[in-house]
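Q: I should like to learn how the features of a structural model are read. May we work through one together, beginning with its charged contacts?

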Amino acid sequence: MKYIYYATLYDDNGSVGVSFHDFPSVNTFGEDEFTAILNAQEALEGYLWGAEDEKITIPKATDSKNIVLKTGERLVALQIDTTLVRLQEENKLVKKTLTIPKYLNEAGIAAKVNFSKILTDALADKLAH
C-alpha cells in the first residue's frame, strides 16, 4: 500500500525532533535534519506496516494546508510503500556460521569467491527441486 504523510521537524536541544500530525504516538529524532528525516521514514514505515498487519485503522493523511506549524518547525512529506517494506524485510540477510574444510576456505579466498553467494545459490537450487 502506498501512503504520503507529513512529518513535522523541530529543534530539540541540539537535535532535530520529528512528530506526525496524524500519528501522535509516533515520534523520533536525529542528530541533524537528514538523519531525522531518515529516522522519520523508518519509524512511519514500521508503524504503517504493523498497523496493516494488526488491522488498525489508518487515518487519511491531513492536507498540508491544514497543519499548523509553530515558529521554527518544518513540514516534510514522506512517501511510504509498505509493499516495498515487506519485500525488504523478507529479503533481509541472516548471518550463519558454518564449517568447511580448510583447503576449500583457502582456495576460495585465493580465488576471491563470494562464499555467501555460492551458499545462497546452492540452497536456492537445492530447495527448488
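Q: Which side chains does the salt bridge in helix H3 join, and how many residues apart are they?
A: A salt bridge requires a Lys or Arg side-chain nitrogen within 4 Å of a carboxyl oxygen of Asp or Glu. In this predicted model, Lys 102 and Glu 106 satisfy that criterion, with N and O 3.5 Å apart. Because the two residues are four positions apart in helix H3, about one helical turn separates them. Lys 102 is exposed, at 61% relative accessible area, whereas Glu 106 is partly exposed, at 43%.

Q: Which residues are joined into one network by salt bridges that share partners?
A: Shared partners are the feature to look for here. Asp 11, Glu 33 and Arg 74 form one such network. Within it, the side chains of Arg 74 and Glu 33 meet at 3.2 Å, N to O. This pair links distant parts of the chain, since Arg 74 belongs to strand E4 (residues 74–81) and Glu 33 to helix H1, 41 residues apart. Arg 74 is partly exposed, with 24% relative accessibility, and Glu 33 is also partly exposed, at 38%.

Q: What does the salt bridge between Glu 52 and Arg 86 tie together?
A: One should ask which element holds each partner. Glu 52 lies in helix H1 and Arg 86 in helix H2, so their contact ties together parts 34 residues apart in sequence. Their closest N and O atoms are 2.9 Å apart. Arg 86 counts as partly exposed, at 23% relative accessibility. The whole structure contains six salt bridges.

Q: Which helix gives the most to the nonpolar patch?
A: For a patch, one reads the members first and then the elements that supply them. Nine residues need not be memorised, but the members include Leu 98, Tyr 103, Leu 104 and Phe 115, and the patch has about 900 Å² of accessible area together. Helices H3 (102–110) and H4 (115–128) each supply at least two residues, and H4 gives the most, with four. Leu 104, in helix H3, is partly exposed, at 40% relative accessible area.

Q: Which residue caps the N-terminal end of H4?
A: Asn 114 does so, with a side-chain oxygen 3.2 Å from the backbone nitrogen of Ser 116. The helix itself has 14 residues and spans 20 Å from first to last C-alpha, close to the 20 Å expected.

Q: Where is confidence lowest, and where is it highest?
A: Where pLDDT is low, predicted coordinates should not be read in detail. Here the protein averages 94, and 100% of the residues score at least 70. Helix H2 (residues 82–90) is lowest, at a mean of 86, and strand E2 (residues 15–20) is highest, at 98.

Definitions and conventions: Residues are numbered from 1 along each chain as its sequence is written. This is a predicted model: local features need pLDDT of at least 70, side-chain atom pairs count only at pLDDT 80 or more; totals for chains, interfaces and linings use all residues. Side-chain values use heavy atoms; hydrogens and water are left out. Patches are made of residues with over 30% relative accessible area and no salt bridge: like charges are joined within 9 Å, nonpolar side chains (Val, Leu, Ile, Met, Phe, Trp, Tyr) within 5 Å. Accessible areas come from the Shrake-Rupley method with a 1.4 Å probe; for residues, only the protein chains shown count as cover. Buried means under 20% relative accessible area, exposed over 50%, partly exposed in between (1.4 Å probe, protein chains only). The expected span of a helix is 1.5 Å times one less than its number of residues. A polar contact is a pair of N or O atoms within 3.5 Å; within protein, one must be able to donate a hydrogen and the other to accept it, and residues adjacent in sequence count only if both atoms are side-chain atoms. pLDDT is the predictor's confidence in each residue, from 0 to 100.
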